[in-house]
Amino acid sequence: MKQILLRQMIIDISQIEDDPLAFEFSLEPAEVDADFPNVRLLGPVLVAGKVGKDLGKIAVEGTVSGEWELDCTRCLQPIKEQFSLAFDVDYVPEGGLGSGGEAELDTSDLDADELENGHVDLKRLAREQLLLNIPEQIFCGEDCKGLCEKCGANRNLIDCKCGQEAVDPRWAALKNLKDS
């Protein structure tokens with residue numbers, strides 16, 4: 001397997017012969033254009049893998065790894081995590097996924113993308129993999145109490161009395177029954 005050093009992070013598929021090309025490079029957070037909500041990259045992102053020809057497709061597989069900081073879904077406290085995201089993406093020639101009309105897709109087509117001008121943009125691929133793998137929910141702990149709906153205090157840090165003070169007058173009679 002040939003090892004290539006990438007500066008542009010764009011591979012011209014005409015460079016790919018029978019043997020796959022190995023690649024490895026790092027991206028600074030600013031290069032990734034990581035304007036993701038509630039997520040911050042804490043350092044360089046390492047992208048490594050190989051690209052090769054496979055049955056009329058260009059197969060790219062590898063990993064994207066680094067460290068990010070995510071906000072807890074309940075209390076918004078920052079959580080630092082290491083990540084290592086494996087990917088396996090196939091590229092087909094332009095128009096290979098259907099053009100303008102209806103096309104029946106196979107499950108293998110869900111991990112496929114179209115080549116743009118005969119090039120694979122690895123920087124764009126790394127950014128897509130980061131976006132696709134951001135967790136929908138992440139918690140600082142299983143027992144996270146979240147934020148108070150009234151005052152906004154972090155209930156993990158202080159025990160606000162907002163929930164005990166206000167009683168809806170329509171339920172006041174029931175509260176009296178409970179106290180008896």
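Buried, in this tour, stands for a relative accessible area under 20% and exposed for one over 50%, with partly exposed in between. The model on screen is a predicted one, and Arg-155, at 30% relative accessibility, counts as partly exposed because that value falls between the two limits.

**The whole chain**

Begin with the protein chain coloured by secondary structure, where 4 helices and 9 strands can be picked out. Followed from the N terminus, the elements run β-β-β-α-β-β-β-β-β-β-α-α-α. Switching to a surface view brings up about 12,000 Å² of exposed area, of which carbon and sulfur atoms supply 48%, while buried residues make up 33% of the 180 residues in the chain. If contacts with a separation of 6 or more are drawn, 52% of them turn out to link residues 24 or more positions apart.

**Strand β6 and its partners**

Next select residues 57–71, which form strand β6, a mostly covered element in which 11 of the 15 residues are buried. Adding residues 45–54 displays strand β5, which pairs with β6 in the antiparallel sense over 9 bridges; within this pairing, Val-51 stands opposite Val-60 of β6. The hairpin that β5 and β6 make has 2 residues between the strands, and Leu-55 there takes a positive phi near 50°.

Now add residues 78–92, strand β7, whose antiparallel pairing with β6 extends over 14 bridges. Here Thr-63 can be found opposite Ala-86 of β7. These two strands also form a hairpin, with 6 residues between them, and in its turn Leu-76 has a positive phi of about 70°.

Residues 39–41 complete this part of the view: they are strand β4, paired with β6 in the antiparallel sense over 3 bridges, and Leu-41 is placed opposite Trp-68 in β6.

**Glu-67 and its surroundings**

With those strands still shown, centre on Glu-67, which lies in strand β6. Is Glu-67 buried, exposed or partly exposed? Its relative accessibility is 29%, and Glu-67 therefore counts as partly exposed. Which residues, leaving aside the neighbours within four places in sequence, is Glu-67 in contact with? They are Arg-40, Leu-41, Leu-42 and Gly-43, together with Lys-80, Glu-81, Gln-82 and Phe-83. A distance drawn between the C-alpha atoms of Glu-67 and Leu-42 comes to 5.6 Å, although the two residues are 25 positions apart along the chain.

**The nonpolar core**

Hide the surface and select Val-60, Leu-122 and Leu-130, the residues that touch the most other members of the largest nonpolar core, which has 35 residues. Two or more residues of this core come from each of β3 (21–27), β4, β5, β6, β7 and α2 (122–132). The element that gives the most is β7, with 6 residues.

**Salt bridges**

For the last part of the tour, turn to the charged side chains, among which 5 salt bridges are counted. Select Lys-50 and Glu-61 to see a salt bridge between their side chains, at 4.0 Å from N to O. Lys-50 belongs to strand β5 and Glu-61 to strand β6, so this pair ties together parts that are 11 residues apart in sequence. Both ends are partly exposed, since the relative accessible area is 30% for Lys-50 and the relative accessibility of Glu-61 is 35%.

Move on to helix α2 and show the side chains of Arg-124 and Glu-128, which meet in a salt bridge at 3.0 Å from N to O. Because the two residues are 4 apart within this helix, about one helical turn separates Arg-124 from Glu-128. Arg-124 is partly exposed, with a relative accessible area of 31%, and Glu-128, at 25% relative accessibility, is partly exposed as well.

Then select Arg-155 together with Glu-149, whose side chains form a salt bridge at 3.5 Å from N to O. Here the partly exposed Arg-155, at 30% relative accessibility, faces a partner that counts as exposed, as the relative accessibility of Glu-149 is 66%. Finish by selecting Arg-40, Glu-69 and Asp-71, which are joined into one network by salt bridges that share partners; Arg-40 has already appeared on this tour among the contacts of Glu-67.

Notes
Residues are numbered from 1 along each chain as its sequence is written. This is a predicted model: local features need pLDDT of at least 70, side-chain atom pairs count only at pLDDT 80 or more; totals for chains, interfaces and linings use all residues. Side-chain values use heavy atoms; hydrogens and water are left out. Buried means under 20% relative accessible area, exposed over 50%, partly exposed in between (1.4 Å probe, protein chains only). Two strands pair if DSSP finds at least two bridges between them. Contact means heavy atoms within 4.5 Å. A nonpolar core is a set of buried Ala, Val, Leu, Ile, Met, Phe, Trp, Tyr and Cys residues joined through side-chain atoms within 4.5 Å. Accessible areas come from the Shrake-Rupley method with a 1.4 Å probe; for residues, only the protein chains shown count as cover.
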